[in-house]
Amino acid sequence: MEVIVKGQQTRPEMFPHIISCPNEMVALFMEDGFTRYSGKPQAVIVHVDVGTQGLEAAVHNASIGRAPVLIFAGISLLTMEGEMRGSRTENVHWMQYIPDQKLILCQYCRHTTELKTEGESPVVLATLPDGAAKQVITVLKTTIESLVITGYSELANLMLPLNVLDNGGSDMCFPADHSPWLGMRFAIEDRIEKADATLVLHCDVPWIPTQCKPSKTTTVVHIDVDTLNPTMPKFYLPAIARWNAGSVTAVIQVIKTLREDEERGSLRGIHGVPKIRTCGPAGDIRNLVPADTIFAIEAVTNTHYVEDTIQIVLPGSWVSCGGAGLSWSGGTALFIKLVSELTSGTGMCKFVVQIVEDGTFIFSVPGAVYWISQHYKIPILTILLNNNDQSIASCPPKPIISKIDGRMECSAKVDVVCLSDGLGSKATNEELNISFTHITDYGGTAKASNSGALFTKKVDDVGKLE
């Protein structure tokens with residue numbers, strides 16, 4: 001606190017801008033969104049011990065979503081007798097002096113330490129070694145049907161003539177209006193089983209072996225910043241080659257090598273079988289908002305339906321949490337809105353839409369989210385999909401989407417996938433204790449957080465959305 005006051009007084013033009021947040025988890029979700037959209041690392045400052053624990057699900061999402069965020073936590077006062085400036089003056093100073101605060105988060109972090117001096121020089125991402133780009137091309141060009149599966153790589157302007165499956169790691173990786181687009185799927189898609197060769201490019205879970213996997217004759221190559229995935233103790237892919245490299249850098253190397261070989265006539269190019277996906281007309285929401293709207297998506301069981309309906313085209317206009325830490329989208333949407341204004345150069349904001357389900361909305365600490373929205377005048381549109389249950393972790397890979405009274409709902413039971421013959425597959429949501437059928441005024445919850453200074457409306461039919 002001393003440094004904050006001193007910095008703001010003595011170096012206001014250089015000192016970081018600080019935004020107050022009533023909740024630690026929401027604060028880190030906000031920084032996550034800011035970092036994802038701007039590409040620039042951000043920082044969050046939390047209280048010693050309990051403040052660090054309060055980051056909860058947010059640190060998981062930032063880690064899985066590859067969002068470079070710095071977390072600064074205080075430490076408890078070290079002296080007791082007044083021998084140094086800032087000795088302990090309250091009983092809580094003893095309670096919060098834990099043996100090693102870093103252990104709370106170190107499993108999710110790439111680096112943890114107690115800094116006593118300035119940081120070190122930056123690390124540069126690796127490139128593909130000599131001959132690797134040529135090997136990738138050779139593997140993909142000799143097959144009838146080739147496939148790229150990616151989860152964290154923006155390939156909109158780095159196209160190869162291959163089918164591309166966007167695995168929904170954290171952002172939109174490939175535009176829906178390009179013919180090789182196969183849609184956004186979470187590790188389950190028929191083309192994975194049919195492909196002769198597959199390039200896994202910066203993707204944590206390219207397929208789920210119990211549900212869908214390449215055939216035994218499929219040739220797999222794997223490129224990632226770390227192909228061993230040290231944060232996932234049980235991880236492996238049956239690849240013939242693995243390289244640690246930045247995904248965009250690697251693709252540029254492959255394209256450069258491909259063009260050089262084509263110019264020499266030694267290679268006719270990579271071929272595939274492009275498939276134009278037909279998902280029907282664009283959804284109402286896309287027609288009602290500006291073309292460059294940014295969507296912060298936490299639709300959980302309805303994510304596939306939402307993505308197929310909206311069909312994102314512009315890079316950076318679809319952001320999802322990637323991880324399992326539900327409640328991410330509220331704080332993220334706020335900071336995406338804020339950074340769109342700060343980075344536009346014109347002071348103009350992008351229109352930002354948060355799409356969230358009912359259970360996730362409750363998790364999101366809406367009291368903090370809408371307090372911040374009002375306090376800092378950050379407007380967003382929240383669309384809450386109320387499916388009246390909490391079957392978030394149990395939706396089947398190919399959910400049964402039904403239209404009931406104008407509402408899209410996803411049928412799911414908690415153990416349909418893992419235990420298809422289990423008791424849970426025959427139980428009701430009430431018996432499984434995941435029912436949210438009691439009436440909750442979600443709009444009223446949001447209004448109560450900012451003295452009613454927002455608009456809310458319950459829509460029970462898509463035709464009334466406008």
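A residue counts as buried when its relative accessible area is under 20%. In this predicted model, Asn450 has a relative accessibility of 6%, so Asn450 is buried. Asn450 is found in the segment that follows helix H15 (442–448). Neighbours within four places in sequence can be set aside. Asn450 is then in contact with Tyr370 and Gln374.

His202 passes the same test. Its relative accessible area is 9%, under the 20% cut-off, so His202 is buried too. This residue lies in a loop, with strand S6 (197–201) on one side and strand S7 (219–224) on the other. The backbone of His202 is also notable: phi is positive, about 55°, although His202 is not a glycine.

Two further positive phi values occur around helix H4. Glu56 lies in H4 itself. Phi of Glu56 is near 40°, again a positive value in a residue other than glycine. Arg66 comes just after H4 and takes a positive phi of about 60°.

Helix H4 spans residues 56–64, and its buried residues are Ala58, Val59, Asn61, Ala62, Ser63 and Ile64. The cover over these buried residues includes helix H2 (24–38) and strand S2. Strand S2 covers residues 69–73, and Leu70 is placed in this strand. Leu70 has a relative accessibility of 49%. That value is neither under 20% nor over 50%, so Leu70 counts as partly exposed. Leu70 also belongs to a nonpolar patch on the surface, together with Ile18, Ile45, Phe72 and Leu115. The accessible area of the patch is about 490 Å² in total.

The model also contains open sheets. Strands of a sheet pair through backbone hydrogen bonds, in either a parallel or an antiparallel sense. One open sheet has six strands in the order S5-S4-S3-S6-S7-S8, and the pairing is parallel. Strand S5 (181–184) and strand S8 (241–244) stand at the edges of this sheet. Each has a single partner strand, so one side of each lacks a neighbour in the sheet. From one strand to the next, the twist averages 15°. Helix H6 (residues 132–141) packs on this sheet and touches S3, S6, S7 and S8. The direction of H6 makes about 140° with that of S8.

Within the six-strand sheet, strand S3 (residues 146–150) pairs with S6. The two strands run in the parallel sense, and five bridges link them. Thr150 has Leu201 of S6 as its bridge partner.

Another open sheet has four strands, ordered S10-S9-S11-S12, and its pairing is parallel. Its edges are strand S10 (318–320) and strand S12 (381–385). Each edge strand has a single partner, so one side of each is left without a neighbour in the sheet. The twist here averages 20° from one strand to the next. Strand S11 (residues 352–357) and S12 run parallel and are joined by five bridges. Glu357 stands opposite Leu385 in S12.

Methods:
Residues are numbered from 1 along each chain as its sequence is written. This is a predicted model: local features need pLDDT of at least 70, side-chain atom pairs count only at pLDDT 80 or more; totals for chains, interfaces and linings use all residues. Side-chain values use heavy atoms; hydrogens and water are left out. Patches are made of residues with over 30% relative accessible area and no salt bridge: like charges are joined within 9 Å, nonpolar side chains (Val, Leu, Ile, Met, Phe, Trp, Tyr) within 5 Å. Accessible areas come from the Shrake-Rupley method with a 1.4 Å probe; for residues, only the protein chains shown count as cover. A salt bridge is a side-chain nitrogen of Lys or Arg within 4 Å of a carboxyl oxygen of Asp or Glu. Buried means under 20% relative accessible area, exposed over 50%, partly exposed in between (1.4 Å probe, protein chains only). Contact means heavy atoms within 4.5 Å. Two strands pair if DSSP finds at least two bridges between them. Axes are lines fitted to C-alpha atoms, for helices over the stretch in contact, and angles run from 0 to 180 degrees between N-to-C directions.
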